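User: I'm new to reading protein models and would like a close look at a single helix. Could you pick one and walk me through it?

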Amino acid sequence: MKRVIIDTDPGIDDTIALLLLCASDDVVIEGITTVGGNVSLDQVTRNALTILELAGRTDIGVYRGAAGSMSGGEGRHVFAHGEDGLGNLGLSPTSAVGAREGSAVDFLVESAREHPGEMSLLAIGPLTNVAAAVLADPAFVSNIGQIVLMGGAEGAGNMTPSAEFNAWSDPVAADVVFRAGFDRLVMVGLDATRQAHLTPGVRELLRQLDTPVSRFVHAITRSYVDFAFAEQGRLAAELHDPLAAAYLLDPAVFVSHPANVEVCTEGLCQGRTVVARSSDFPHLTPNARVAGEVDAGRFFTLLLTTLFPDASELITRVVAHEYR
Ligand code: BDR
Ligand code: CA
């Protein structure tokens with residue numbers, strides 16, 4: 001059983017990642033740390049608590065992290081997730097449980113210290129908290145067993161031609177993390193997540209399954225899909241963060257490649273992750289594995305059967321149709 005900490009800025013796709021890991025029997029979620037990103041720190045923290053309530057997992061502690069970025073400024077938000085980060089459904093906070101005492105950075109450092117080499121860290125927001133933990137404790141990097149992050153791109157970005165949102169939000173923090181010397185760092189960037197689209201057929205399946213979780217995911221993805229259509233002319237939206245979460249449950253969803261990754265912290269390409277695959281640049285020391293090809297059918301089967309185990313047969317049929 002893997003111990004996991006999730007550093008997150010929910011966020012519609014973050015929400016699905018949290019629900020996936022909450023439903024999985026293969027991981028123990030040690031805690032959730034929040035970071036301002038898709039929306040403000042207060043809002044993402046409220047959202048994390050709301051999601052845990054829905055998942056029936058209010059036993060998991062939520063720790064507030066950084067509101068702004070290490071790169072200066074107040075932090076940068078996006079519109080893809082609605083003003084409340086959960087698709088503007090007008091949800092009022094239902095959780096009676098608040099965030100825990102203590103900061104995200106202290107929680108990250110102490111939990112990694114308590115279980116050296118055993119902790120997986122899933123980072124699916126700007127890397128501000130993770131970089132702060134790296135700087136706060138010289139042993140943090142060696143105490144973490146593996147870090148899987150959603151961020152960056154080998155090809156085009158989504159905020160600028162060069163930069164993906166999480167790296168663009170705090171390039172200085174991303175630079176600290178890639179230079180930190182983690183033994184096992186997996187980057188799931190846009191090149192991978194652009195291969196895992198939530199199709200209209202799978203959204204319809206969510207509606208037909210008609211459980212509290214499927215209804216919720218169907219509802220929050222409405223504005224997400226509308227945004228993807230308006231921006232990219234597609235009827236399907238990318239599920240960035242759940243795909244990164246899937247790496248913890250089934251790394252065989254991906255082919256990954258060793259690479260040297262550097263982050264541009266200023267100028268036109270600010271937030272760009274420069275990926276030099278070891279096969280092309282063997283003289284550069286690899287500091288990451290970068291996700292390449294994705295088996296979208298395997299990913300959606302994992303996601304949906306973990307969330308809705310009673311509907312496995314139906315899910316297998318629909319996924320085979322949607323991702324053949
Ligand atoms: C990343 O940015 C956020 O909007 C998503 O939650 C994801 O973590 C994709 O670029
Ligand atoms: Ca996110």
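Analyst: Let's take helix α2, which is mostly covered: 10 of its 14 residues are buried. Keep in mind that this is a predicted model. Here "buried" means a relative accessible area under 20%.

Who is tucked away? Early in the list of buried residues come Leu 41, Gln 43, Val 44 and Thr 45. Asn 47, Ala 48, Leu 49, Thr 50, Ile 51 and Leu 52 of α2 are buried too. And what does the covering? The cover over those buried residues includes helix α1 (12–23), along with the strands β2 (27–34) and β3 (62–64).

Now for the length of α2, which runs over residues 41–54. At 1.5 Å a residue, its 14 residues should span 20 Å, and the end C-alpha atoms are indeed 20 Å apart, so the two values agree. After α2 comes Gly 56, which has a positive phi, near 70 degrees.

For a bit of contrast, look at how one helix meets another elsewhere in the chain. Two packed helices are described by the angle between their axes and the distance between the axes. The axes of α3 (residues 104–114) and α4 (residues 128–136) come within 9 Å and cross at roughly 60 degrees. That angle makes α3 oblique to α4, and the crossing is right-handed. On the α3 side, Ala 104, Val 105, Leu 108 and Val 109 take part, meeting Asn 129, Ala 132, Ala 133 and Ala 136 of α4. Sorted by type, the residues of this contact are seven nonpolar, one polar and no charged.

Definitions and conventions
Residues numbered from 1 in each chain as written. Chains lettered and ligands numbered in written order. Predicted model: local features only at pLDDT ≥ 70, side-chain atom pairs only at ≥ 80, totals over all residues. Heavy atoms only, no water. Axes fitted to C-alpha atoms, helices over the stretch in contact; angles between N-to-C directions. Helix = DSSP H or I, 4+ residues; strand = E, 2+ residues; numbered from the N terminus. Parallel < 35°, antiparallel > 145°, perpendicular 65-115°, else oblique. Left-handed = near helix turned anticlockwise from the far one by under 90°. Contact = heavy atoms within 4.5 Å. Nonpolar A, V, L, I, M, F, W, Y, C, P; charged D, E, K, R; others polar. Expected span 1.5 Å × (residues − 1). Buried < 20%, exposed > 50% of the residue type's maximum accessible area, 1.4 Å probe, protein only.
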